[in-house]
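Here is a short, friendly tour of the fold shown below. Keep the 3D view open as you read.

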Amino acid sequence: MIIDIVPPEAVGPVRIGMTMDEAKRALATIDGHDPQSGLPAVYDSGMSIELEPAPGGTVGAIEVSRPYGPVRVEYRGIDLLGTPAARVVEQLSEFTELEEDEGGRSYVAPALLLSLWRPFVEDENPDEEQGHFFQSVLVAPPGYFDGPNA
């Protein structure tokens with residue numbers, strides 16, 4: 001199964017700006033959904049999807065945590081959470097600017113309104129999965145990364 005990331009609009013069937021109720025129903029349509037999970041939505045693959053509410057009860061941002069097994073979380077054919085982080089950075093850098101933060105633990109693609117995160121950097125040892133692969137991807141609307149001091 002492939003979950004398509006379409007920044008700054010959607011993750012799979014969930015769209016920025018949907019009501020939270022619409023988004024919860026959309027999350028339930030993804031294969032492997034645990035109906036008891038609530039939010040974040042949890043799946044058999046270990047993937048979870050968190051919705052950040054915006055004013056007015058709509059979806060303001062969507063964060064996907066890394067699945068295990070046959071689920072791929074893709075942007076333009078790049079498996080963002082299943083490809084080694086260094087390779088993801090290399091591939092994304094071919095067509096968009098990336099801002100590195102936290103010594104390589106986090107990257108933001110401002111033009112895409114997409115960010116990637118891992119708890120530590122371990123680009124050499126693939127057995128150290130939490131540092132070798134990004135563990136989450138966030139899709140946000142315009143203005144999300146501007147912050148109060150931007």
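## The sheet

In this predicted model, seven strands make an open sheet in the order E4-E5-E6-E12-E11-E10-E9, with antiparallel pairing. E4 and strand E9 (99-101) are at the edges with a single partner strand each, so one side of each has no neighbour in the sheet.

## From E4 to E6

Let's start at the E4 edge. Strand E4 (residues 41-42) runs antiparallel to strand E5 (residues 48-54), and two bridges join them. Here Ala 41 sits opposite Ile 49 of E5. The two strands form a hairpin with five residues between them, and in its turn Gly 46 has a positive phi of about 90°.

On the other pairing of E5, seven bridges link it to strand E6 (residues 58-65), again antiparallel. Ile 49 turns up here too, standing opposite Val 64 in E6. The E5 and E6 hairpin has three residues between its strands, and Gly 56 there takes a positive phi near 90°.

## The E9 edge

At the other listed edge, E9 pairs with strand E10 (residues 106-109) in the antiparallel sense over three bridges. Glu 100 has Tyr 107 in E10 as its bridge partner.

## The helices

Helix H1 (residues 20-28) lies across E4, E5 and E6, and runs at about 170° to E5.

Now have a look at helix H2 (residues 85-93), where Gln 91 is found. Leaving aside residues up to four places away in sequence, Gln 91 touches Ile 78 and Thr 83. The C-alpha atoms of Gln 91 and Leu 80 are separated by 9.8 Å, with the two residues 11 apart along the chain.

Note on methods. Residues are numbered from 1 along each chain as its sequence is written. This is a predicted model: local features need pLDDT of at least 70, side-chain atom pairs count only at pLDDT 80 or more; totals for chains, interfaces and linings use all residues. Side-chain values use heavy atoms; hydrogens and water are left out. Helices (H or I, at least four residues) and strands (E, at least two) are DSSP runs, numbered from the N terminus. Contact means heavy atoms within 4.5 Å. Two strands pair if DSSP finds at least two bridges between them. Axes are lines fitted to C-alpha atoms, for helices over the stretch in contact, and angles run from 0 to 180 degrees between N-to-C directions.
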